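Reader: Could you take one part of this model and go through it closely, stating the cut-off behind each term as you use it? I would like to follow how its surroundings are put together.

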Amino acid sequence: MIIAKNTVVTVHYTLSDAQGNLIEESRDPMVYLHGGYENTLPKIEEALDGKDTGFETNLQVEPDDAFGEYDPALVKVEPRDRLPTPLEVGMQFEGLPDGGEDDDSVIFTVTDIADDKVVLDGNHPLAGMALRFALKVSEVRAATDEEIVHGHVHGDHGHHHDEPDDESGDQFRSHPIH
């Protein structure tokens, strides 16, 4: 089956930075609903559109087409007593960037803790980076009507409506910032 709108695509991938340093190699394949549902980066969809099982490619995606440019305005230093304890680097909190409106909510990651101050970064961990993907399509199938209505894949490696989110997946799977 050819990859087209409303097909479910299973892809094994390796993610590296522009210098070829490995960032992530998929333990499980990425499975997404093809056709503009924002289940993967648009440049990945563009590269795979019209292809078939077994197709392999290497693709470089610039920051504007991935997770955006790094925005120093999304880095905040907050008093430690404003955050819960225990507090550890890597913890995440939802909040507003300085001067942001209620609908501008961002996930901030604790990147440093020093005495009475905490550094929070609202940028995606891969923001500002050109990324290289090595992709191999292992399966293509027609999406079910339910998957099309919901806008995402169900079942193995997909979304489960009656189970809690499994946080053991690959670290950098995320939606791009538009």
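The second largest pocket

Author: A search of the whole structure finds 0 aromatic pairs (rings of Phe, Tyr or Trp, the latter by its six-membered ring, with centres within 6.5 Å). The model is predicted, with local features needing pLDDT of at least 70 and side-chain atom pairs pLDDT 80 or more, whereas totals for chains, interfaces and linings use all residues. Residues are numbered from 1 along each chain as its sequence is written, and side-chain values rest on heavy atoms, with hydrogens and water left out.

The second largest pocket (an open set of points on a 1 Å grid where a 1.4 Å probe fits, with protein on both sides within 12 Å along at least five of seven lines) holds about 160 Å³ of space. Its lining, meaning residues with an atom within 4 Å of a point, consists of Lys76, Glu78, Arg82, Leu83, Phe93, Glu94, Gly95, Leu96, Phe108 and Leu120. Sorted by class, that lining has 5 nonpolar, 4 charged and 1 polar residues, with Gly counted as polar.

Strand 5 (75-79) and strand 6 (92-95) each supply at least two residues of the lining (strands being DSSP runs of E with at least two residues), and strand 6 gives the most, with 3 residues.

Two of the lining residues, Lys76 and Phe108, also meet in another way, as Lys76 lies over the face of Phe108 at 5.0 Å from the ring centre (the rule asks for NZ of Lys or CZ of Arg within 6 Å of that centre and within 35 degrees of the ring normal). Elsewhere in the model, the charged end of Lys51 sits over the ring of Phe55, 5.4 Å from its centre.

The strands around these residues can be followed through their pairing, which requires at least two DSSP bridges. Strand 5 runs antiparallel to strand 8 (residues 117-121), the two being joined by 5 bridges, and here Pro79 stands opposite Lys117 in strand 8. Strand 8 is also paired over 5 bridges, again in the antiparallel sense, with strand 7 (residues 106-114). In that second pairing Val110 has Leu120 of strand 8 as its bridge partner, and Leu120 is itself one of the residues lining the pocket. Strands 7 and 8 form a hairpin with 2 residues between them, and in the turn Asp115 has a positive phi of about 45°.

Terms used:
Grid points are joined across faces, edges and corners, and a volume is the space filled by probe spheres set on the points. Helices (H or I, at least four residues) and strands (E, at least two) are DSSP runs, numbered from the N terminus. Rings of Phe, Tyr and Trp (its six-membered ring) pair if their centres lie within 6.5 Å; planes under 30 degrees apart count as stacked, over 60 as edge-to-face and the rest as tilted.
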